[in-house]
Structures are given as C-alpha cells and as structure tokens.
Amino acid sequence: MTSMALAATLFGPEDLRMVERPLDPLASGMVRIRFGAGGICGSDMHYYRHARTGDFVVTSPLVLGHEIAGEVVEIAGSVPDVKVGDRVALNPSRWCGHCKPCRENRPNLCENIFFMGSASKTPHMQGGFASYFDAVPAQCVKIPDHVTYQAAALAEPLAVCLHAVARAGDVTGKRAVLFGAGPIGLLTMLAAQRAGIAEATVVDIAAAPLAFATRLGANHVVDISSGEEALKAEAATRPFDVAFEVSGTAAGLASAIGAVRRGGVVVQVGNLPGGQIPVPANAVMAKEIDLRGSFRFGMEFFTAVELIADGSVDVLSLVTAERPLSVAPDAVRLALDRSQSVKVVLTA
Ligand SMILES: [Zn+2]
Ligand SMILES: [Zn+2]
C-alpha cells in the first residue's frame with residue numbers, strides 16, 4: 001500500500017504548490033481512491049487567484065479539485081457496492097440525508113453538506129487534486145470500461161448544468177440566452193439543447209470562447225465587449241424566454257435581467273464576487289421575471305454519469321488541454337488564459 005500522496009495545495013493567492021504528505025490509515029467505512037483525472041473548474045481558478053470564490057474564503061491550506069474520477073484501491077471494513085479496482089466518478093458532495101432539504105429531495109441545499117475542495121466550511125474539506133484521497137462509498141459512481149477518467153471527471157460540471165436547466169423549468173421550444181461561454185455556459189447550452197430548447201444564443205466579452213460556442217452548436221453568438229447594442233437588437237427580434245447567468249459577474253446578471261423577455265426566467269448559475277451586488281431589481285419587478293438560483297446539483301450527478309457513458313453528451317469536446325497532476329499549478333495558469341483554454345483536465 002502506498003503511504004504518501006502528492007496534492008495540489010493552495011496556501012494563498014497565486015500560491016499553489018504540489019505538496020507531499022503521508023496518508024493516514026484508511027478510516028473504517030471509507031474507500032481510498034487513486035487519482036485518474038480531474039477537471040479544473042472556474043472555482044479552482046478563483047481560489048487560485050484570490051484564495052476565495054464568491055463568499056467562500058480560504059483560511060487554511062486547501063487541496064483544490066472537485067471534478068474527479070479515479071480507481072478504488074483500498075476499502076476499510078465492509079462496504080457494499082464498491083470493490084477494489086472499480087473505476088469511479090466521484091460525487092464531490094456528501095449529503096446528510098436527513099435534514100429538511102435532503103428530505104425534500106434538494107440535497108444540494110443540505111444543511112450539513114461537505115463538498116470536496118471547497119472553503120464553504122471551516123475546517124475546509126480537502127479536494128481531489130491529489131494522487132490518493134479518501135471518500136465515502138456513496139460518493140463513488142461506477143463507470144463502464146469504455147468511459148475515460150477524463151470524461152468521467154466532467155460528470156460534475158455536467159451535473160451543475162443539468163441542475164441549472166432543471167431550475168429553468170420546462171424549456172421545450174424556448175429561446176435561451178446564456179451569459180458566459182466558459183465550460184459551464186457551454187455545457188448548460190448542451191444540456192438545454194437536450195432538454196428541447198429551440199435556439200441558444202451565447203453572449204461573452206471574448207472572441208475565442210464565442211468561436212468555440214459556435215463550433216459546439218450555438219445558434220447565435222453575441223460579443224458585448226464594446227456594448228450591448230447587438231444584444232438589444234437580438235432580443236428585439238428574438239425575445240429570450242430564459243436567460244442563464246453563467247459568467248459569475250454582476251454585469252452578466254444585469255445583462256440577463258435586461259435581455260430576458262417580460263415574464264421570462266433568469267437562472268443565476270455563476271458564483272458572483274462576494275458581498276453586496278447591485279442588480280436592476282426594478283426590472284425583476286416590472287417584467288415579472290422569475291429570478292432563480294442554481295447551486296451545485298443533486299441527483300443530476302448520476303444522470304450526468306449516464307449521459308456521458310451512453311454518449312448523449314460529449315463532454316470531451318470541451319477539453320482543450322490535458323496536463324499531468326504533477327504540474328497542476330501550471331495547468332491552472334493555462335486554464336486561466338481564455339484565449340486558448342476552455343477546459344483543462346489533469347491526468348494521472
Ligand atoms: Zn466545478
Ligand atoms: Zn442534509
């Protein structure tokens with residue numbers, strides 16, 4: 001059995017280091033995972049740059065990573081349903097199963113949730129950008145042999161997007177506009193298309209991600225880097241029934257509220273900067289907009305694994321680079337460069 005793990009550990013803003021640490025003996029009822037692949041998420045990048053994402057602040061060293069797949073290498077005690085050698089996608093959420101949101105089948109809102117690689121709680125729950133890490137069996141979702149670890153790792157962001165589309169309600173035949181052409185925006189587009197939207201318009205302030213959105217199947221793209229005239233014209237000819245704010249910016253949320261039609265739905269998926277954010281709240285009132293939050297995911301994680309396994313969603317089409325875990329800090333810096341990166345995936 002291995003006794004050491006190498007983990008991408010964040011100590012402060014732009015201070016991400018590969019740190020080797022001894023592994024504790026595996027606790028009873030737990031499983032040990034050997035890292036297979038890990039997607040670098042926007043929140044990992046926020047943590048890297050600012051040692052915070054939204055209102056979650058890193059106060060002690062944090063191993064990043066919550067989009068993870070790997071192999072079960074050790075099991076402590078008797079654990080049904082999981083075997084040594086299983087290849088698994090890791091659900092980064094640990095839900096309690098008995099609080100009110102859990103009982104209402106909204107486990108993403110669990111009052112006692114732990115989430116890998118997140119500073120939402122102190123002490124922080126460590127992430128999966130580590131050569132070995134431990135999980136509870138319920139986090140392990142078996143993947144078929146033909147699914148690569150790279151694809152399985154992207155079940156997590158796909159689950160986020162399936163949840164966002166679910167929050168929009170029935171989108172069949174509707175026109176959707178998405179603010180932010182990063183991985184979550186693009187996967188939300190693919191999820192919304194699967195759910196039956198008529199058209200997807202993707203809005204961003206950078207040319208390269210918009211070109212990528214077009215290749216991936218966006219019906220229209222709008223660059224608002226030098227103003228919103230084109231967006232206003234688009235909204236006038238093709239009113240948007242539903243808007244997804246996926247950029248994580250106050251400007252994106254304001255634009256979404258401005259662009260959606262009267263009586264439309266705005267889903268806020270992006271994690272905005274922390275603190276008080278000015279929003280055009282009177283437009284929410286005057287247009288009777290349904291403004292809905294979307295946070296992580298619940299059972300959509302299992303759906304995401306299925307959709308990847310049966311080929312319904314080609315998550316690998318978003319991957320622009322693969323780098324070994326051992327150079328995770330460089331890989332995070334590469335992911336931050338939107339002129340060349342959409343999704344960067346770490347491999348073993
Ligand atoms: Zn993520
Ligand atoms: Zn709960």
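**View 1. Four cysteines around the zinc ion (ligand 2).** A donor here is an N, O or S atom within 2.8 Å of the metal. Keep in mind that this is a predicted model. By that criterion, the zinc ion (ligand 2) picks up Cys96, Cys99, Cys102 and Cys110, each through its SG atom, at 2.3 to 2.4 Å. The angles among the four donor atoms run from 104 to 120°, and the site is tetrahedral. If you'd rather scan for the pattern in sequence, the donors are spaced C-x2-C-x2-C-x7-C along the chain.

**View 2. A closer look at two of those ligating cysteines, Cys99 and Cys102.** Are they buried or exposed? Buried means under 20% relative accessible area. Cys99 comes in at 6% relative accessibility, so Cys99 counts as buried. Cys102 has a relative accessible area of 13%, so that residue is buried too.

**View 3. The zinc ion (ligand 1) and its mixed set of donors.** Which residues coordinate the zinc ion (ligand 1)? They are Cys41 through SG, His66 through NE2 and Glu67 through OE, at 2.2 to 2.4 Å. Water is not among the atoms, so a site may look incomplete. Along the sequence, the donor residues of this ion follow C-x24-H-E. Cys41 and Glu67 link distant parts of the chain, 26 residues apart. Cys41 sits in the loop between strand 3 (31–39) and helix 1 (42–50), while Glu67 belongs to strand 7 (residues 67–75). Both Cys41 and Glu67 are buried.

**View 4. The stretch that UniProt annotates as a domain.** An unreviewed UniProt entry puts the feature "domain: Alcohol dehydrogenase-like N-terminal" at residues 29–145. In the model, the chain over residues 29–145 is 33% strand and 11% helix. The C-alpha atoms at the two ends of that stretch are 25 Å apart.

**View 5. An open sheet of three strands, in the order 2-1-6.** Pairing in this sheet is antiparallel. Strand 2 (15–22) and strand 6 (62–63) stand at the edges with a single partner strand each, so one side of each has no neighbour in the sheet. Strand 1 (residues 4–12) and strand 2 run antiparallel and are joined by eight bridges. To find your way along that pair, start at Ala5, whose bridge partner in strand 2 is Arg21.

**View 6. Helix 11 over the sheet strands.** What lies across strand 1 and strand 2? That is helix 11, residues 328–336. Helix 11 runs at about 150° to strand 2.

Key: Residues numbered from 1 in each chain as written. Chains lettered and ligands numbered in written order. Predicted model: local features only at pLDDT ≥ 70, side-chain atom pairs only at ≥ 80, totals over all residues. Heavy atoms only, no water. Donors = N, O, S within 2.8 Å, 3.2 Å for Na, K, Ca; no water. Tetrahedral: all angles 85-135°; square planar, octahedral: opposite > 155°, others 65-115°. Buried < 20%, exposed > 50% of the residue type's maximum accessible area, 1.4 Å probe, protein only. Pairing = 2+ DSSP bridges. Helix = DSSP H or I, 4+ residues; strand = E, 2+ residues; numbered from the N terminus. Contact = heavy atoms within 4.5 Å. Axes fitted to C-alpha atoms, helices over the stretch in contact; angles between N-to-C directions. UniProt positions renumbered as here; feature names shortened; annotations may be inferred.
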